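This report looks at one strand with its neighbours and then at one helix with its surroundings.

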Amino acid sequence: MPPCHATLAGAQLRLPSAPAARCAVLLPLPLDRPYDYRVTADARLTPGTFVAVPLGRRIVPGVVWDGADDEAVPEERLKAVEQILDAPPLRPELRRFIDWVARYTMAPSGAVLRMAMSVPDALRPPRRVYACALSESGEAALRGDGDAKPLTPARQRVLAELADGPPRAPADLARAAGCGAGVVRGLLDLGLLRLVETPALSVVPEPDWRRPGPALAPDQAAAAHDLAGKVLTGGFGVTLLDGVTGSGKTQVYFAAIAAALERQRQALVLLPEIALGAQFLSRFAERFGAPPVLWHSDLTHAERRIGWRAVVEGRARVVVGARSALFLPFADLGLVVVDEEHDLSYKQEDGVVYHARDMAIVRARLAGIPVVLASATPSLETIVNVETGRYRRLSLPSRHAGALLPKIEALDLRRAQPERQRFLAPPLVAALAETLRAGEQALLFLNRRGYAPLTLCRACGHRLQCPNCTAWLIEHRFLGRLQCHHCGHAEGLPRYCPSCAAPGAFAACGPGVERLAEEVALRFPEARCAVMASDTLNGPRAAAQLVESVASHEIDILIGTQIVAKGHHFPMLTLVGVVDADLGLAGGDLRAAERTYQLLHQVAGRAGRAGRPGTVYLQTFLPEHPVIRALVSGDRDRFLAEEAAARRAYGMPPFGRLAALIVSAPDADGADAVAAAFARGAPQMPGLEVLGPAPAPLAVLRGRHRRRFLVKARRDVAVQPVLRDWLRRIKIPANARVQVDIDPYSFL
Ligand code: ADP
Ligand code: ZN
């Protein structure tokens, strides 16, 4: 070191004592902070570099992190970074995002990093893949040229396959030619086939923004132009795309995606229930000539590896994914779209508890890029942000191509009673018959899986209950068993009542979708009927097939839970019957009314999307309820204004803050003891109130007894530091657990 340097820095300057330096490495494990490792001085590791480091006896991948090193561990005790991994560095805005999410949700930063590094395999250099191609002598043999020996029929087929198509892996080639692997091997040995290295697996087709989209209606075009402009100029900003169902919101934000592609940047579209997005994908491919890269929990390991790698290298131009896609390491993200922004599935409830819409906005702010939130029924949070000027709004007030919004009617079940043990009121039955006669389709919506929500003993009234949870067991007749919808416990229907031993005397109470299907089959034996619920569908492919068969009118009556509510476009569907419109209104949930409004509005929006007008019947015992009235009158904004006024009066979100603290233990006394300790140590400060402890509505879940606290604070109070301090002060026994949920959406 030159002497002048030391003089300038004065006595504080620490001279490097050895040719080694430390660097902080964050590991994708539930750890609160990075650990220090040693690197040789000449291997300068900039933050973001992926490295492999020793941890205990293992070698684990991690990321060189920013920030001050932890000097508590003396240098000579540090372990050395083992290897620098072959991947582009994790970008600074993603590192800041990970730290931000960890601080906000109070999750360990390593646990958040793990969501960004969900495919450790992708950090290894990609395996080479070989495929068989025709060699020159193979081509000659196929032509029968020269002095080549005549080919056996099997060999002939293999060569012919390659003459007509691209190079293929040996196993695929053998399968296509209908022969054994030995035939292919033989041809390789003879030199009639040659091996070529193929990048085939990792090639990501590139969407083409230059392709013309459909001609847009004037208000669509105005919104599209506006969004595209935002993307082209760049910079952070949130735009709500507020359009009625069927107004063409997707086509409009496609224009924003096209603009991101034009700028050579990446785009991310978050969708709820991605598995059901087959219709979305074909529309995307139609618009851009190539599919997007998908990211959701049903991908194979190989698909993940390829996808992650393509995202970090910037080759994946557009990613369409479920909430976890938000943590992908984009090389140059230029736009985020959150479709159906009000959807509850954006809230992740276990592991790192976060809301993907809210975190999408944070990510965009840190990256300095625009976000589009799309919905026909925006959340109250978003509407309030529009009204205070934090977000902009673009409106699409009418359906595409002159289609009308459906007519919505309440069916008062106190007057129009269904027959005994039946669940469809006479006017709805008549409307169904009429729809079938007209050659149109109907949707019956009931947000209850299984046959019946409750099964009880006729002799003694005993209710069949889950052994692990405070919940009834639900009969699933298709599967022939009883199931708990909270923990997955399943058992056969008992032969005798567990309480009074009466044989086979169980009665189903109330309807689930399966029971409704039974009633439809009895009433309309000719109608082609299908049930769509998460447990009746065997994976995303089955779901896509069912959607396809409804769209092509192979089904007359579709019976479904909430998974039918979203996004689908069925041109011949003109009647929607909501079997129990009151279902979501019970219980003290803060958002019960808002959520019911959104769900039923979405369901109603399935009717009459093409030329034919749609009708919706809401079966209800509460026709005067504000939610039912708002649905019938179509006055969404008045409903939202009333909701907002009520929340403001009680200081509830978005006008105040909430955080939940759930303590649990294997037994009730243990849970009570921990809860009591927390209650004694509860924070006391102005603007913040601690409610509880109270037994959670799901007092026992998966065998654990649960108690809840709710922290309610003014908007200007930062609750995380208060919670952190509270948690630090209470000693928690080893078998107890504490879960923190910032901005809770579930109060169970
Ligand atoms: P939303 O998401 O607002 O409910 P969609 O984007 O699903 O509406 O559009 C509804 C239907 O109308 C889709 O089948 C879509 O392809 C079609 N559509 C919307 N806008 C146009 C347009 N400008 N030209 C052609 N078809 C359109
Ligand atoms: Zn259970």
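## A covered strand and a one-sided helix

Strand β9 and strand β11 (residues 318–321) run parallel and are joined by 4 bridges, where strands are DSSP runs of E of at least two residues, helices are runs of H or I of at least four residues, both numbered from the N terminus, and two strands pair if DSSP finds at least two bridges between them. The model is predicted, so that local features need pLDDT of at least 70 and side-chain atom pairs count only at pLDDT 80 or more, while totals for chains, interfaces and linings use all residues. Residues are numbered from 1 along each chain as its sequence is written, and side-chain values use heavy atoms, without hydrogens and water.

A second parallel partner of β9 is strand β12 (residues 333–339), to which 5 bridges join it. Individual pairs are listed here.

| Residue in β9 | Partner | Partner strand |
|---|---|---|
| Val-269 | Val-320 | β11 |
| Leu-270 | Val-338 | β12 |

In β9 (residues 266–270), 5 of 5 residues are buried, meaning under 20% relative accessible area with a 1.4 Å probe and protein chains only. Side chains in a regular strand alternate between the two faces of the sheet. Gln-266, Leu-268 and Leu-270 lie on one side of β9 and Ala-267 and Val-269 on the other, and both faces are covered.

In helix α18 (residues 626–633), the buried residues include Val-627, Ile-628, Ala-630 and Leu-631. These residues are on the same side of α18 because they cover an arc of only 165 degrees around the axis, taken from the directions from the helix axis to the C-beta atoms. Their cover includes β17 (407–412), α17 (592–604), β27 (615–620) and α19 (636–649), with contact meaning heavy atoms within 4.5 Å. Just after α18, Gly-634 has a positive phi of about 75 degrees.

Note on methods
Chains lettered and ligands numbered in written order. Buried < 20%, exposed > 50% of the residue type's maximum accessible area, 1.4 Å probe, protein only.
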